[in-house]
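Me: Hi! I have a predicted model open and would like a close look at a single part of it, with whatever surrounds that part brought in as you go. Could you walk me through it in one connected answer?

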Amino acid sequence: MKVTEMNPENARWYCLHVLRGKEFDVENALTAANVEVFLPREKIVSVRAGRKIEAEVPRLASYLLVRLVPSAEAFSALRNQKNVLDFVGGAAGYHVIKDSDVAVFRSKNPLRVATDKSIGQGTEADIVFGPFSGFRCIVTAVKWCREAKASVRIDVQGKAFDIESMPLAYLKKL
């Protein structure tokens, strides 16, 4: 974090792919190591045995955002953290996330965008918003609820990444 604070103009946001269910563990470990990390969260309410239970879950399961000054040492140190699989990206470079996209996730009022209801399983779409904007994906499943969500698969330079909880409003059908 000291390097990031000393060179804020060179620091960029990147997306880490982590083991599902270990997002909070990785976030805590990186925070303890003074790495600037952001895990978009959402509150859910469920009923079990007649009791209302509120919980926070990652908004993008298996992914969290880190801000760092790009260097071989920084990328290597983060990739070698327990429960970290890799960065989103490929051999030609890692996917950089715009500060404006991170700012929207940090805001208390989520962005409301119209949803294309014709998107379904097998649909090819562009991701037009969020940390994965600019990627093309294939929708593997759609869950219609208060905020429609899709499971999608993106291909980054020959490496496939599955995203279980992509808001459908972030997709534009091709």
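How many bridges join β10 to strand β14, and do the two run parallel or antiparallel?

Reply: Happy to. Keep in mind that the model is predicted. Three bridges join β10 to β14, residues 171–173, and the two strands run antiparallel. To find one of these pairs in your viewer, go to D126 in β10, whose bridge partner in β14 is K172. β10 also pairs with β11, again in the antiparallel sense and over three bridges. On that side, E124 stands opposite I138 in β11.

Now colour β10 by burial. The strand has two faces: A125 and I127 make up the covered one, while E124 and D126 make up the uncovered one. The two residues picked out above as bridge markers, E124 and D126, therefore belong to the uncovered face, with buried meaning under 20% relative accessible area.

From the covered face you can step into the interior. I127 is in contact with F132, and F132 is one of the three residues with the most contacts inside the largest nonpolar core, the others being I154 and L171. That core has 30 residues. Leaving aside neighbours within four places in sequence, the contacts of F132 also include C15, L60, Y63, V88, H95, I154, I163 and M166. As for where the core comes from, β10 is among the elements that give it two or more residues, together with β1 (12–18), β5 (63–68), α4 (99–106), β11 (136–143), β12 (149–156) and β13 (159–167). The largest share, four residues, comes from β12. Apart from this core lies another one, of 15 residues, with L16, V26, V35 and V37 among them.

Next, look at how the chain gets to the partner strand. The loop between β13 and β14 holds L168. Its relative accessibility is 0%, so L168 counts as buried. If you select its contacts beyond four places in sequence, you will find T115, D116, I119, V142, W144, A148, K149 and A150. Two of these contacts, K149 and A150, fall in β12, which spans 149–156. For a sense of scale, the C-alpha atoms of L168 and W13 are 23 Å apart, with their positions 155 residues apart in sequence.

W13 makes a handy bridge to β1, another contributor to the 30-residue core. Six of the seven residues of β1 are buried, so this strand is largely enclosed by the rest of the structure. Its pairing is worth tracing strand by strand. Six bridges join β1 to β5, and the two run antiparallel; here W13 stands opposite R67. Two bridges join β1 to β9 (96–97), also antiparallel, and in β9 the partner of W13 is I97. Finally, β1 pairs with β6, residues 84–87, in the antiparallel sense over three bridges, where L16 stands opposite F87.

The helix that feeds the core, α4, fits in here too. Its buried residues are D101, V102 and F105. They cover an arc of only 100° around the axis, which puts them on the same side of α4. These residues pack against β1, β2 (36–38), β5 and β9. V104, also in α4, is partly exposed, with a relative accessible area of 27%. F105 has a further contact in R59, a residue of the loop between β4 and β5. R59 is buried, with a relative accessible area of 11%. Among its other contacts beyond four places in sequence are E42, S165, P167 and Y170.

E42 and S165 bring us to one last stop, which may appeal to a computational chemist. Both are among the residues nearest the centre of the second largest pocket, along with I44, K143 and K149. This pocket has a volume of about 400 Å³ and is lined by 19 residues. The strands β3 (41–48), β4 (51–58), β11, β12 and β13 each supply at least two residues of the lining. That closes the loop with your starting point: β11, one of these lining strands, is also the strand that pairs with β10 over three bridges.

How values were computed. Residues are numbered from 1 along each chain as its sequence is written. This is a predicted model: local features need pLDDT of at least 70, side-chain atom pairs count only at pLDDT 80 or more; totals for chains, interfaces and linings use all residues. Side-chain values use heavy atoms; hydrogens and water are left out. A nonpolar core is a set of buried Ala, Val, Leu, Ile, Met, Phe, Trp, Tyr and Cys residues joined through side-chain atoms within 4.5 Å. Buried means under 20% relative accessible area, exposed over 50%, partly exposed in between (1.4 Å probe, protein chains only). Contact means heavy atoms within 4.5 Å. The arc is that of the directions from the helix axis to the C-beta atoms. Two strands pair if DSSP finds at least two bridges between them. On a 1 Å grid over the protein atoms alone, a cavity is a set of points where a 1.4 Å probe fits but cannot get out, and a pocket is an open set with protein on both sides within 12 Å along at least five of seven lines; lining residues have an atom within 4 Å of a point. Grid points are joined across faces, edges and corners, and a volume is the space filled by probe spheres set on the points.
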